[in-house]
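Biologist: Got a minute to go through the charged pairs in this one with me? Pull it up and we'll start.

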Amino acid sequence: MAKPGYGKRTAPDQRPRTPHDFSLLPARERYVAAFVDHLPDGAAMSVKQLAKQLPLYGQQAISSALTALSVAGHLRRVRCSVGAGDETRWVFRTFWSRTAHDNEWWTTHLATENTKQAAAPDSAPPPPWVPDEEPPPPSVPSEDPRTEEATEPTDVPTQRTPAQAPDAEPEPPAEAAASETTPSPAYLALARLGHEDRRLPLSADDCAALEPLAAEWLARGVNADYLTSALTAGLPAQVDSPLGFTRKRLTDKMPPRIPTADSASPGTPAPARRVLMECTDCGRPGQPQALPDGLCHTCRTTHQPDTDEAPINPTEAADIKTRMTNLRDLLKTV
């Protein structure tokens, strides 16, 4: 199961479950679709988690299968904003429909979800997104000056210097010095990229060089999970330069700056909650109208079949299946 507020969401307007729900799909897509269809609401829908549960296919095959199911009209991935102002956060959900629907139906459904999000109360915030900071190292106890006094001979007159001149600046305590070295949330998010995906291993110097860009992302209202998913979504098979690749993504995919309640004028209403669809393949966010079949323009062009044949409409495919069944029955009677 995913964290509360994340994961699978069952879409309405579905026919009752039958043994032939996904019979028109290829074997791999039929296998993945049947598994996802039986998952409860709130189940984790990431490629990594599904690959752990489906031993027949790896992560790349699962990703391709989900893309095909998105094109077939069975699922859409979305990002839902919750909260307001500085507390704006994003939750990631996958809407699933056993019955295939066209782009117009999904656009209408997500518009309805937008309305529900705008009317939803703020009483149930999502899990905190800021990564837990590691506690600062324990401070090293300073030597007690009384020990030094005890070791000095008492019969030799010595002139002591004051411990601190009146105009000298006090030294910072050890705890304050340790807290200054605590990594920032942006640095931690970059440092964990290599753990999320081995194709993006960043060194300490790389994280320090990219920290200002990552901090700008967090300053614009996104969270560390959003940042990690945006940087690791749709990676190529091999990344030759993790530093250059991550810098380009941080620059090209920089989210827009959302005005906070403090910066807005007194008469300006707070921004309404919204639902953004994301590309099933690469994770690029956008409006439903701009992502037909759940794919952005680049991924839709990449996955376009080589033939000039138009994709079969789900209704037409069902009619073809019915006619083929009737034809087989007719041949049996001859």
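Biologist: How far apart are Asp252 and Lys248 in helix 11?
Modeller: They sit four residues apart in helix 11 (residues 242-252), so about one helical turn separates them. Keep in mind that this is a predicted model. Their side chains meet in a salt bridge, 2.9 Å from N to O.

Biologist: And are Asp252 and Lys248 buried or exposed?
Modeller: Exposed, both of them.

Biologist: OK, other topic. Which residues get joined into one network by salt bridges that share partners?
Modeller: Arg17, Asp37 and Arg98.

Biologist: How many salt bridges does the count come to?
Modeller: Eight.

Biologist: Which parts of the chain does the Glu196 and Lys48 pair link?
Modeller: Distant ones: Glu196 is in helix 8 (residues 193-196) and Lys48 is in helix 2 (residues 47-53), 148 residues apart. The salt bridge between their side chains is 3.9 Å, N to O.

Biologist: Why does Glu196 count as partly exposed?
Modeller: Because its relative accessibility is 43%, and partly exposed runs between the 20% and 50% cut-offs. Lys48 is partly exposed too, at 31% relative accessible area.

Biologist: Now Glu29. What does its side chain meet in a salt bridge?
Modeller: The side chain of Arg28, at 3.0 Å from N to O.

Biologist: Is Glu29 buried or exposed, then?
Modeller: Buried, because its relative accessibility is 6%, and buried means under 20%.

Biologist: What about Arg28, what does that count as?
Modeller: Arg28 has 26% relative accessibility, so it counts as partly exposed.

How values were computed:
Residues are numbered from 1 along each chain as its sequence is written. This is a predicted model: local features need pLDDT of at least 70, side-chain atom pairs count only at pLDDT 80 or more; totals for chains, interfaces and linings use all residues. Side-chain values use heavy atoms; hydrogens and water are left out. A salt bridge is a side-chain nitrogen of Lys or Arg within 4 Å of a carboxyl oxygen of Asp or Glu. Buried means under 20% relative accessible area, exposed over 50%, partly exposed in between (1.4 Å probe, protein chains only). Helices (H or I, at least four residues) and strands (E, at least two) are DSSP runs, numbered from the N terminus.
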